[in-house]
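Please walk through this protein model with its sequence and structure side by side. The text starts with one backbone feature and then turns to sheets, cores and ring pairs.

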Amino acid sequence: MKRKLAGILIAALVSGCLGGCGSAEKGQNTQIQVFAAASLNTVMSELSEMYGKDHPGVEISINADSSGTLLTQIEEGYACDIFFSAAQKQMDTLEADGLIKDGSRANVVNNQLIVVTRKDSGTKVSGLENLGEASSIALANGSVPAGKYTRQALVNLGILQGDKAPEEYTGAEVSEALGGVTISDQDNVSKAILAVVEDACEVGTAYYSDIYGYEDQVEVLQKVPYDLTGVVNYPVCLVKNDEADEAQSEASRDFYEFLLSDEAKEVYENYYFDTDISGEN
């Protein structure tokens, strides 16, 4: 049975020519499916465009959503060639499922959880320690890496208490631990920061890279230290895709290697990702 095509494509399809000219090596067009965490959406769009200029026969379809949602789609049989996750947990699961091509798993960039507000909010919140002083909080749910990291930090601060795994705490439980503050549950981190930008919530948690494009509108109240969240590395891998032909597999491998290149590192840094994957802060 053919694997289902990826769901909604968040980023545009990138192709230098659609049907007229092919790749230099094969003389034919091919398309690859890239599943990337929502916080990678803008940087992946630029990287795809850069790659497409030198590889006009390769069309790159980017499906951007929470890492948990993307993992579920791959497990359900959606066609995917490259998976770029915002956390190790989803990559661990994919590896346990036997869906990663041998030797292709690699950490690429590092990010950092932040507490953010609008510049004109007048919030009393200074960070996670007094998060409950907000009237409302935009928080990604526990299946989203940013939501899991937030809950992990709250556990380490003693604000969330119990014997659950951090990602298992519901928005209602986080609200109760913070004294009843309104929690606006979001299904990916991009929606969480947008809720703050649009003044739907007083504060939110997101990644430092998510402030790209919003620098004049938001204020970072806290960069949450890694001793509270753990290191926020983003791993990438090649996914076993039984429906891919030779041209698609070769193009996937080549684009994967481009994502690990020094040229790509410069682009990641322009979007506030840290290419020092040791996560030292």
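Where is the place of Asp 199? Asp 199 is in the loop between α6 and β8; helices (H or I, at least four residues) and strands (E, at least two) are DSSP runs, numbered from the N terminus. The model is a predicted one, in which local features need pLDDT of at least 70 and side-chain atom pairs count only at pLDDT 80 or more, while totals for chains, interfaces and linings use all residues. Residues are numbered from 1 along each chain as its sequence is written, and side-chain values use heavy atoms, with hydrogens and water left out.

Most residues other than glycine have a negative phi. Asp 199 has a positive phi, near 65°. Asp 199 counts as exposed because its relative accessibility is 53%; buried means under 20% relative accessible area, exposed over 50%, and partly exposed in between (1.4 Å probe, protein chains only). Tyr 272 is not a glycine either, yet has a positive phi of about 70°. Tyr 272 is found in the segment after α9 (262-270) and is partly exposed, with a relative accessible area of 29%.

The loop with Asp 199 leads to an open sheet of five strands, in the order β7-β6-β8-β5-β9 and with mixed pairing. Two strands pair if DSSP finds at least two bridges between them. At the edges are β7 (182-186) and β9 (218-223), each paired on one side only. From one strand to the next the twist averages 30°; axes are lines fitted to C-alpha atoms, for helices over the stretch in contact, and angles run from 0 to 180 degrees between N-to-C directions. Inside this sheet, β6 (residues 136-140) and β8 pair in the parallel sense over two bridges, and Ala 138 stands opposite Gly 204 in β8.

Helices lie across these strands. Helix α4 (residues 145-156) lies across β5 (113-118), β6, β7 and β8, at about 120° to β6; contact means heavy atoms within 4.5 Å. Helix α6 (residues 189-197) lies across β5, β6, β7, β8 and β9, at about 140° to β8. After β9 comes a loop that leads to α7 (226-229) and holds Pro 225. Pro 225 counts as partly exposed because its relative accessibility is 28%. From C-alpha to C-alpha, Pro 225 is 9.1 Å from Ile 114, although 111 residues separate them in sequence.

Another open sheet has five strands in the order β2-β1-β3-β10-β4, again with mixed pairing. Here β2 (58-65) and β4 (106-111) are at the edges with a single partner strand each, so one side of each has no neighbour in the sheet. The twist in this sheet averages 20° from one strand to the next. Strand β3 (residues 82-84) runs antiparallel to β10 and is joined to it by three bridges, with Phe 83 opposite Cys 237 in β10. Helix α1 packs on this sheet, touching β1 (30-37), β2 and β3, and its direction makes about 180° with that of β2. Helix α8 also packs on the sheet, where it touches β1, β2, β3, β4 and β10 and makes about 40° with the direction of β1.

Which residues have the most contacts inside the largest nonpolar core? They are Met 44, Phe 84, Phe 255 and Tyr 268, in a core of 69 residues. A nonpolar core is a set of buried Ala, Val, Leu, Ile, Met, Phe, Trp, Tyr and Cys residues joined through side-chain atoms within 4.5 Å. The largest share of this core, six residues, comes from α6. Among the residues that Phe 255 touches, leaving aside those up to four places away in sequence, are Ile 32, Met 44, Leu 47 and Tyr 51.

The whole structure holds nine aromatic pairs. Rings of Phe, Tyr and Trp (its six-membered ring) pair if their centres lie within 6.5 Å; planes under 30 degrees apart count as stacked, over 60 as edge-to-face and the rest as tilted. Tyr 51 and Phe 255 form an edge-to-face pair, 5.0 Å centre to centre with 70° between the planes. Tyr 51 lies in α1 (residues 41-54) and Phe 255 in α8 (residues 246-259), so this pair ties together parts 204 residues apart in sequence. Both Tyr 51 and Phe 255 are buried.
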